[in-house]
Amino acid sequence: MKISVTMLSSYLYCPRKLFLQRVLAVEEPPKESLVLGSLRHEIYDFINRSEEIIVASIKEKISYDELLTTYKTFYSRILREKIINNKSRIKEVNLDIVDVFKRTWPLILNEAEIRSKNILDFIQKYNIYGKELWERLTPKIISEQRVESDRLQLKGIVDRIEVYETRYVPIELKTGRMPKQGVWPGHKIQIAAYAMLLEETFKTKVKEGFVRYLDADETRQIAINPFMKEEIINLVKDVQNLLKSQNLPNYCENKNKCTKCGVRGTCYNEQEVTTLLSEIQ
Ligand code: SF4
C-alpha cells in the first residue's frame, strides 16, 4: 500500500493520532488551517495550469510592472472565484470570506512577483518571446505536482518545483511558526521524500530542497543526504506496519501537541477507544 508523504510527517508528529485517524477512522473536525490549506492548493493548481498561456502571450518587450499587473489581475480573479466556490467550507470554520481574501492575497501576490521577475530576467538574457519563451524558460515553476512511486511505496503532491533544465528543486510552502534554526523535522522529512520521488519520476539527482515559511517570509535550505533517504525508507515501513496493525500506539510525550490536537476528545476517552478497537478485531 502506497503511503502519502504527509502521512510520514503525521507519523513523526504522533503515531497514535495517525492510527486513530487512519485505522479507527476518527475524523478531525474541520480546522481553519486545513480549509485555508486546501483553498491554497486549489489556487496554486490553477495558477500552474495557466502559466503557459500567460508566458506564451508575451510577444514583445514588457516592463516588470506591466507583467506583474497581468499576473495580479488574473490571480485576484482566480482567488475571488475559488473563495466563492468554497464559501460554505469557509463559513463552517467561522471565517469571513473578506478576511480569507486578505490573508491569502499576500501569498498569491508573492507568487506573481516571483514569476514576473523570473520571466523578465530570462527575457533580458535571451531576448525571446511567445511560444519559444515558454519552451526555453528556466527555471520553470511547477506548482502542486503529483508524484508517486511503486518502488518507494510513496505518493504525494509537491507544493512547488523549480526546474532548471534537468535539475529539479522541491520547495514546500508552510504557514505557521518557523523554528529558530533549520526546519521542523516533519518538513525535513517531506522535502527528503519529495526529493526521492522527483529523482525516481524524472530520472535525475535531487541534491537540495527548500522550505519557504510564508508568515516569516524566509526560505531555508535542506541538503539531501543518504541518511535521510534511509530514514524515509524505514519510515514508510513503520507507517505501513502501523496501518496494518490493531495496536493503538501510546500517547505522545509532548503534551503541548495534545492541547492543539483535533482528535484529543476521542484519544483520551478510554471507553470510546475500546469500542472502536473492538470494531476492527
Ligand atoms: S491527543 Fe495527543 S496523544 Fe492523542 S492523538 Fe492527539 S497528539 Fe496524539
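**Entry 1: the ligand shell**

I started with the helices around the ligand: α2 (15–22), α10 (255–260) and α11 (264–267) each put at least two residues into its shell. I'm working from a predicted model here.

Which helix gives the most to that shell? I found α2 on top, with three residues.

Next I wrote down who sits around the ligand. Going along the chain, I got C14, R16, K17 and L20, then Y251 and C252, then K257, C258 and C261, and lastly V263, R264 and C267.

How many of the shell residues are nonpolar, polar or charged? I noted eight nonpolar and four charged residues, with no polar ones in the shell around the ligand.

**Entry 2: the two domains**

I turned to the domains. The protein splits into domain 1, covering 28–137, and domain 2, covering 140–244. I looked up how far apart their centres lie, and over C-alpha atoms the separation is 22 Å.

Then I checked where they meet. On one side, nine residues of domain 1 make contact with six residues of domain 2.

**Entry 3: domain 1's contact side**

Which elements give two or more residues to the side of domain 1 that touches domain 2? I have α3 (32–56) and α6 (97–126) down for that. Of these, α3 has the largest share of that side, at five residues.

I also sorted this side of domain 1 by class: four residues are nonpolar, three are polar and two are charged. Back at the ligand, my tally for the shell had no polar residues.

Notes
Residues numbered from 1 in each chain as written. Predicted model: local features only at pLDDT ≥ 70, side-chain atom pairs only at ≥ 80, totals over all residues. Near = placed C-beta within 6 Å. Helix = DSSP H or I, 4+ residues; strand = E, 2+ residues; numbered from the N terminus. Nonpolar A, V, L, I, M, F, W, Y, C, P; charged D, E, K, R; others polar. Domains from an automatic or database assignment. Contact = placed C-beta atoms within 7 Å.
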